[in-house]
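The exercises below invite the reader to examine a structure one feature at a time. Each task is followed by a solution that proceeds step by step.

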Amino acid sequence: MGRLQKILIPFLGLVLAFWFYSARENFKPEMLKGKRVIVTGASTGIGEQMAYHLARMGSHILITARTEAKLQKVVERCLELGAASARYVSGTMEDMAFAEHVVKEAETLLGGLDMLILNHVGTSYFGYFNGDVGHVRKLLEINFLSYVAMTTSALPMLKESEGSIVVVSSMAGKVGFPFTVPYSATKFALDGFFSSLRQEFSIQSVNVSITLCILGFIDTESALRAAAEVLLVAPAPREECALEILRAGALRRRELYYRYGSTRLPLLLRDWAAELLDYLVRSRYRLDGLKRN
Ligand SMILES: NC(=O)C1=CN([C@@H]2O[C@H](COP(=O)(O)OP(=O)(O)OC[C@H]3O[C@@H](n4cnc5c(N)ncnc54)[C@H](OP(=O)(O)O)[C@@H]3O)[C@@H](O)[C@H]2O)C=CC1
Ligand SMILES: CC(C)CCC[C@@H](C)[C@H]1CC[C@H]2[C@@H]3C(=O)C=C4C[C@@H](O)CC[C@]4(C)[C@H]3CC[C@]12C
């Protein structure tokens, strides 16, 4: 009996802890109503879909990317869908002054900021590493340093609103995949920077959440163009992906894994059977589909 109690009580404790942990707050679209949100890389792909979801939820939206004509169309659609307000700023994230300018625009136009969604990525190649160090530097500036610059300038506003930072990363920011060498380096850098910063926020009681989004293959035009012929993996829908990112950000989750089965489960292998994971990853590639570049 005594032994049974010794096992049963901790077991019940664990069950209760699990129940308590999983019964966390549920997402309601009203959570983002009236919130002031920046979405970067929102002229197309997942960023564009996030803008539309935010519009339906009644947020104030500030979007950015390089192509003005596309941004204009996305803003128009956001207004049709019910955004509280929708504006754009066009420019390149190769330029840190532009990254900071976007944040300043939120201050001027919206009077503050509740959520900063960092989503843009510069164009890269999907193929063997070609030795171009200049490209790695440029991609680090676009995919990583501009995220740092925007976070730094948005922090006073985010502290004020007790807001959220959402960082869109990838499975390629947690595991090495073939053909994404420069891209993968930039995504691993994001994990280092933002996971460390989250720890400091916790120590300093800074109530700004950081959500790192670990995405698998998503059916955006650029991803399909680059990799559909090579990967034996079905891409997940960008609309659903965009909604899951917003949900995780609104719930102040630490990380999002989308889709769960093709991201979280393979990652369980990473620390215990890295060689097996590497092998399984390679087995999902069709090398004769690779374009010459
Ligand atoms: N699709 C996928 O399979 C996966 C995507 N992800 C991540 O999801 C996020 C979105 O990806 P996805 O929607 O596929 O990307 P897209 O290629 O569809 O969109 C990229 C966006 O970034 C903008 N952009 C590109 N270069 C620059 C630049 N120099 N300065 C400013 N903006 C720029 C583009 O607009 P413009 O050209 O007008 O500037 C566009 O709006 C990225 O962080 C990506 O790493 C993660 C895992 C898988
Ligand atoms: C085998 C399984 C364990 C999981 C497989 C998931 C793999 C196939 C997923 C995970 C991360 C994905 C890449 C990514 O993050 C972003 C881009 C940029 C885009 O412009 C071109 C496509 C590309 C390279 C994706 C290609 C597919 C990748 C490697």
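The model is predicted.

**Exercise 1. A salt bridge and its partners**

Task: Determine whether Glu255 is buried, partly exposed or exposed, and establish which residue Lys174 pairs with in a salt bridge.

Solution.
Step 1. Glu255 has a relative accessibility of 22% and is therefore classed as partly exposed.
Step 2. Lys174 has a relative accessible area of 10%. Buried means under 20%, so Lys174 is buried.
Step 3. The two residues form a salt bridge, and their closest N and O atoms are 3.0 Å apart.
Step 4. This pair links distant parts of the chain: Lys174 belongs to the loop between E5 and H6, Glu255 to strand E7 (residues 255-258), and their positions lie 81 residues apart in sequence.
Step 5. Lys174 and Glu255 also belong, with Asp191, to a network of salt bridges. As a general point, side chains of opposite charge can pair when their charged atoms come close.

**Exercise 2. Two further salt bridges**

Task: Locate the residues of the salt bridge between Arg238 and Asp219, and state how far apart Arg77 and Glu80 are along helix H3.

Solution.
Step 1. The side chains of Arg238 and Asp219 meet in a salt bridge with an N to O distance of 3.7 Å.
Step 2. Arg238 is in helix H8 (residues 238-250), whereas Asp219 is in the loop between E6 and H7; the two are 19 residues apart, and the pair links distant parts of the chain.
Step 3. Arg77 and Glu80 form a salt bridge as well, at 3.3 Å from N to O.
Step 4. These two residues are three residues apart in helix H3, which means that about one helical turn separates Arg77 from Glu80.
Step 5. Arg77 is partly exposed at 36% relative accessibility, while Glu80 is exposed at 62%.
Step 6. The count of salt bridges comes to ten.

**Exercise 3. The largest nonpolar core**

Task: State how many residues the largest nonpolar core holds, and which element gives the most to this core.

Solution.
Step 1. The largest nonpolar core has 49 residues; those that touch the most other members include Ile38, Leu113, Met150 and Phe194.
Step 2. At least two residues come from each of several elements, among them helix H4 (96-110), strand E4 (115-118), helix H6 (181-203) and helix H10 (274-283).
Step 3. H5 gives the most to this core, contributing ten residues.

**Exercise 4. Patches on the surface**

Task: Identify the residues of the nonpolar surface patch and of the positive surface patch, and place one residue of each in its helix.

Solution.
Step 1. Leu8, Phe11, Leu12 and Val15 make a nonpolar surface patch of about 370 Å².
Step 2. Leu12 is found in helix H1 (residues 2-22). A patch residue needs over 30% relative accessible area; Leu12, at 48%, is partly exposed.
Step 3. Arg66, Lys70, Arg225 and Lys291 form a positive surface patch.
Step 4. Lys70 is part of helix H3 (residues 68-81), and with a relative accessible area of 41% Lys70 is partly exposed.

**Exercise 5. Backbone geometry**

Task: Find which residues a cis peptide bond joins, and determine the phi values of Glu162 and Ser205.

Solution.
Step 1. In general, most residues other than glycine have a negative phi, and most peptide bonds are trans.
Step 2. Tyr258 and Arg259 are joined by a cis peptide bond with omega of about -15°. Arg259 is in the loop between E7 and helix H9 (260-270).
Step 3. Glu162 is not a glycine, although its phi is positive at about 50°. Glu162 belongs to the loop between H5 and E5 and is partly exposed, with a relative accessible area of 45%.
Step 4. Ser205 also has a positive phi, near 50°, in a residue other than glycine. Ser205 sits in the loop between H6 and E6 and counts as exposed at 64% relative accessibility.

**Exercise 6. Distance in sequence and in space**

Task: State how far apart Arg56 and Leu32 are in sequence and in space.

Solution.
Step 1. Arg56 is located in helix H2 (residues 45-56) and is partly exposed, its relative accessible area being 48%.
Step 2. Arg56 and Leu32 are 24 residues apart in sequence, and their C-alpha atoms are 9.8 Å apart in space.

Terms used
Residues numbered from 1 in each chain as written. Chains lettered and ligands numbered in written order. Predicted model: local features only at pLDDT ≥ 70, side-chain atom pairs only at ≥ 80, totals over all residues. Heavy atoms only, no water. Patch = residues over 30% accessible without salt bridge, like charges linked within 9 Å, V, L, I, M, F, W, Y side chains within 5 Å. Areas by Shrake-Rupley, 256 points an atom, 1.4 Å probe, with all protein chains shown as cover. Salt bridge = Lys/Arg side-chain N within 4 Å of Asp/Glu carboxyl O. Lys, Arg positive; Asp, Glu negative; His and termini not counted. Charge placed at Lys NZ, Arg CZ, Asp CG, Glu CD. Helix = DSSP H or I, 4+ residues; strand = E, 2+ residues; numbered from the N terminus. Buried < 20%, exposed > 50% of the residue type's maximum accessible area, 1.4 Å probe, protein only. Core = buried A, V, L, I, M, F, W, Y, C linked by side-chain atoms within 4.5 Å.
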